[in-house]
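Thanks for making time, everyone. Let me put the structure up and walk you through what caught my eye.

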Amino acid sequence: MKNNILFSVLFLSFSLFSGFAQEQKMADSEISAFKNAVNATAKNTKTLTTDFTQSKHMDFLSKDIETSGKMNFKTPNMLQWQYVKPYQYSIIFKNNKIFINDAGKKNNIDKGNSKMFDKLNKLIVGSVNGNMFDENEFTISYFKTKDFNITKLLPKDAALKKYVKQMELYFDKTGNTVSQVKMIEPSNDYTKIIFKNKAINAKIDDSVFNN
Amino acid sequence: MQKLMIRFSIISILSLVFTSCAVKTVKDFDKMEVTSQVYKTPYFSDKNEDYIYKASISVYGNDFGGIFIVKKTNETTHRAVFTTEFGNTLFDFEISGNDFKVNHIIEELDRKILINTLKRDFMLLLKEDFKVAEQYENENFKVYKSPDSKRFNYLFINKSDSKFSKLVHATKSKEKINIEYLSENNTLADKIVIQHKNIKLRIELNKITN
């Protein structure tokens, strides 16, 4: 019995230790190399298509809410985010407008004069192409693990802070593109999005971005 | 004679008042003996269940959607949370009997009139025990009438399969809110429509199976 407890404590401290050990702070030189690599990739990315799975975690629920779909992005700023399961819903960001198709019910929002929408739009597009190194908007810290380079962004804007406590972007080390996004809310509930089957610079017809 | 005339006039005026104003909800129904003192609604009563719905809200011609989440957190309390499709929380309420607590609401929605409307809707939706004061019946439905301060709730139960299919929230003379339920198994509501009668507000909830 005593041994069991000792073993559990040892095991727990070991896993805690390894948990911390997995994520290391990047050195300054690594940060600039990483930023350059991401910016170079983003510059060469004309289009991006990917599947995604999204899980919404709320502490009071027994299970995370899972949704999934497809994402299409075309420079400079056309983005389609399409949920396929368990419901049909798509949202398109194009020319300062937002087009929504909610299971066939179509809706447009002119975000021209909404600063908040603009910020959310930038956040979403930035999460996809990784162009989020804006020190005026965020306090950014950089970490690395075996597989990922990680940026953690704390919003500076008071309005944005009310929605987002922290954004975490996971870049896979091989392609320098975002493969996971975690958006943590002020309540500490979070949304995690994982990108799969990414294709860069595949041809995407403009009509994809029509509602 | 004069006395009789006066009495007659009073009766006719009164009957006119009553017939023109009475709520039409159980018109043409037969009034029955009350068979049970309390009716328990089934649709949000399981603590182990995460109730997740895709919501479509239409208010004065504007449509928007999101995810509506309900969890029964203890015997008397429900959490009701609304998020965008992306997962951002728009509001987070806690309802316990007649107590209503706003855990969080985004600034853009923080309007007293909106919160009060949602409060009434969700309290009706999540209320589990209804005291039965009167009981009615027609060919298809059994109806329980339950007092709700100065108003009343009418609960419609299908006679054929005992499913709770509609709630009408009304004053003495007017229907205010209708909630319709579609349920496959009688424990989960697959589709819920909340329709307001005095304002142009309609909330449709479709169950999401994870």
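Pro86(A) sits in the loop between β4 and β5 (89-94) of chain A, and the peptide bond leading into Pro86(A) from Lys85(A) is cis, with omega near -5°. This is a predicted model, by the way, so please keep that in mind throughout. There's another cis bond in chain A, from Thr75(A) to Pro76(A), with omega near 0°. Pro76(A) belongs to the loop between β3 and β4 (78-85). I mention these because most peptide bonds are trans.

While we're on backbone oddities, let's do phi. Ala103(A) isn't a glycine, yet its phi is positive, about 50°. You'll find Ala103(A) in the loop between β6 (97-102) and β7 of chain A. Is Asn188(A) buried or exposed? Asn188(A) has 11 C-beta neighbours inside 10 Å, so it counts as exposed. Ala103(A), with 13 other C-beta atoms within 10 Å, is partly exposed. And Asn188(A) also has a positive phi, about 80°, again without being a glycine; its loop runs between β11 (178-184) and β12 (190-200) of chain A.

Stepping back to chain A as a whole: we have 4 helices and 12 strands. Of its 211 residues, 24% count as buried. If you take contacts between residues at least 6 apart in sequence, 44% of those in chain A join residues at least 24 apart. Confidence averages a pLDDT of 84, and 84% of the residues score at least 70. The stretch to be wary of is residues 12-21 of chain A, where pLDDT stays under 50 and the model has 0 contacts beyond four places in sequence. Where pLDDT is low, the predicted coordinates should not be read in detail.

Now a helix. α2 of chain A covers residues 28-44, 17 residues in total, and goes 25 Å from its first C-alpha to its last, close to the 24 Å expected at 1.5 Å a residue. Which residues of α2(A) are buried? Phe34(A), Val38(A) and Ala42(A). Those residues cover an arc of only 65° around the axis, so they lie on the same side of α2(A). Turned away from that buried side is a face with exposed residues, among them Ser29(A), Asn36(A) and Lys43(A).

One more stop in chain A: Lys74(A), in strand β3. Here's a lysine that counts as buried, because 20 other C-beta atoms lie within 10 Å, and 20 is where the buried class begins. Not counting residues up to four places away in sequence, Lys74(A) touches Thr47(A) and Ile204(A).

On to where the chains meet. On the chain A side, 23 residues are in contact with 24 residues of chain B. The chain A elements giving two or more residues to that side are β2 (47-57), β3 (65-74) and β7 (105-110). By class, the chain A side has 10 nonpolar, 5 polar and 8 charged residues.

Chain B, then. It has 2 helices and 15 strands, and 25% of its 210 residues count as buried. For contacts between residues at least 6 apart, 38% in chain B join residues at least 24 apart.

Let me look at α2 of chain B, residues 112-126. With 15 residues at 1.5 Å a residue it should span 21 Å, and the end C-alpha atoms are 21 Å apart, so that agrees. Its buried residues are Leu118(B), Phe122(B), Leu125(B) and Leu126(B). They sit within an arc of only 75° around the axis, which means they are on the same side of α2(B). What do they pack against? β4 (62-74), β5 (77-83), β6 (89-96) and β13 (175-182) of chain B. The face turned away carries the exposed Lys112(B), Ile113(B) and Asn116(B).

Phe122(B) also turns up in the largest nonpolar core, which has 39 residues; Phe122(B) is one of those touching the most other members, along with Ile69(B), Ala80(B), Tyr154(B), Leu155(B) and Ile179(B). A second, separate core of 26 residues includes Phe73(A), Leu123(A), Met167(A) and Met183(A). Leu155(B), leaving aside neighbours within four places in sequence, is in contact with residues including Tyr39(B), Phe130(B) and Phe164(B).

That's my tour. Questions?

Key: Residues numbered from 1 in each chain as written. Chains lettered and ligands numbered in written order. Predicted model: local features only at pLDDT ≥ 70, side-chain atom pairs only at ≥ 80, totals over all residues. Core = buried A, V, L, I, M, F, W, Y, C linked by C-beta atoms within 7 Å. Buried ≥ 20, exposed ≤ 12 C-beta atoms within 10 Å, placed from the backbone. Contact = placed C-beta atoms within 7 Å. Nonpolar A, V, L, I, M, F, W, Y, C, P; charged D, E, K, R; others polar. pLDDT = per-residue confidence, 0-100. Expected span 1.5 Å × (residues − 1). Arc of directions from axis to C-beta.
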